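Hello,

Here is the structure I promised to pass on to you. Have a look at it first, and then read on for what turned up in it.

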Amino acid sequence: MTNLAELQAFVRTILDDPDEAVARLVFADWLQEHGQEARAEWIRASCEIATLRPSDSRSAELRAIIQEKALVCTPKWWTSILSVEQRNHRGMYRFVPFQI
């Protein structure tokens, strides 16, 4: 299986059950093994923060990691899509149409 085919398989698995963290964490391991450390960290931090209360002492640290890694991982051309809002959902983007 090529890297692209593996990547597509991970994304399909995640989209099939978007609230399941295990597939995302396995994907993060795969990304790290393939030289995408920042994206792997972003996914791991996004999954971990989803399990915490906002008042948890680790929340602020994880939010900072998510914000930093999102800046590195988000393709620049995404910001030019004006008709959708991009939301981080545990290290994967969801595109939400703007309501006019």
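A good place to begin is a pair of helices. H3 and helix H4, which covers residues 59-73, pack with their axes 9 Å apart and at an angle of about 145°. Their crossing is left-handed. On the H3 side, the residues that make the contact include Ala38, Glu41, Trp42 and Ala45, and on the H4 side they include Leu62, Ile66, Lys69 and Ala70. By type, the residues of this contact divide into ten nonpolar, five charged and two polar.

Please keep in mind that this is a predicted model.

One residue of that contact deserves a second look. Lys69 is found in helix H4. Is Lys69 buried or exposed? Lys69 counts as buried, because its relative accessible area is 12%, under the cut-off of 20%. Setting aside its neighbours within four places in sequence, Lys69 is in contact with Ala38, Glu41 and Trp42.

Now for the chain as a whole. It has four helices and two strands, and from the N terminus on the order of the elements is α-α-α-α-β-β. There are 100 residues in the chain, and 25% of them are buried. Of the contacts between residues at least 6 apart in sequence, 37% join residues at least 24 apart. The chain exposes about 6,800 Å², with carbon and sulfur atoms supplying 57% of that area.

Next, the nonpolar cores. In soluble globular proteins, nonpolar side chains tend to be buried together. Here the largest nonpolar core has ten residues: Phe10, Ile14, Ala23, Phe27, Ala28, Trp30, Leu31, Ala40, Ile43 and Cys47. Helix H1 (3-16), helix H2 (21-33) and helix H3 (37-49) are the elements that give two or more residues to this core. Which of them gives the most? That is H2, with five residues.

Trp30, one of the residues in the largest core, is worth finding on your screen. Leaving out neighbours within four places in sequence, Trp30 is in contact with Asn3, Glu6, Leu7 and Phe10. Apart from the largest core lies another core, this one of five residues, and among them are Trp42, Ala45, Leu62 and Ile66. These four names may look familiar, since you can find Trp42 and Ala45 on the H3 side of the contact with H4, and Leu62 and Ile66 on the H4 side.

Enjoy exploring it, and write back with any questions.

Best wishes

Note on methods. Residues are numbered from 1 along each chain as its sequence is written. This is a predicted model: local features need pLDDT of at least 70, side-chain atom pairs count only at pLDDT 80 or more; totals for chains, interfaces and linings use all residues. Side-chain values use heavy atoms; hydrogens and water are left out. A nonpolar core is a set of buried Ala, Val, Leu, Ile, Met, Phe, Trp, Tyr and Cys residues joined through side-chain atoms within 4.5 Å. Buried means under 20% relative accessible area, exposed over 50%, partly exposed in between (1.4 Å probe, protein chains only). Contact means heavy atoms within 4.5 Å. Axes are lines fitted to C-alpha atoms, for helices over the stretch in contact, and angles run from 0 to 180 degrees between N-to-C directions. A crossing is left-handed if the near helix is turned anticlockwise from the far one by less than a right angle, and right-handed if clockwise. Ala, Val, Leu, Ile, Met, Phe, Trp, Tyr, Cys and Pro count as nonpolar, Asp, Glu, Lys and Arg as charged, and the others, Gly among them, as polar. Accessible areas come from the Shrake-Rupley method with a 1.4 Å probe; for residues, only the protein chains shown count as cover.
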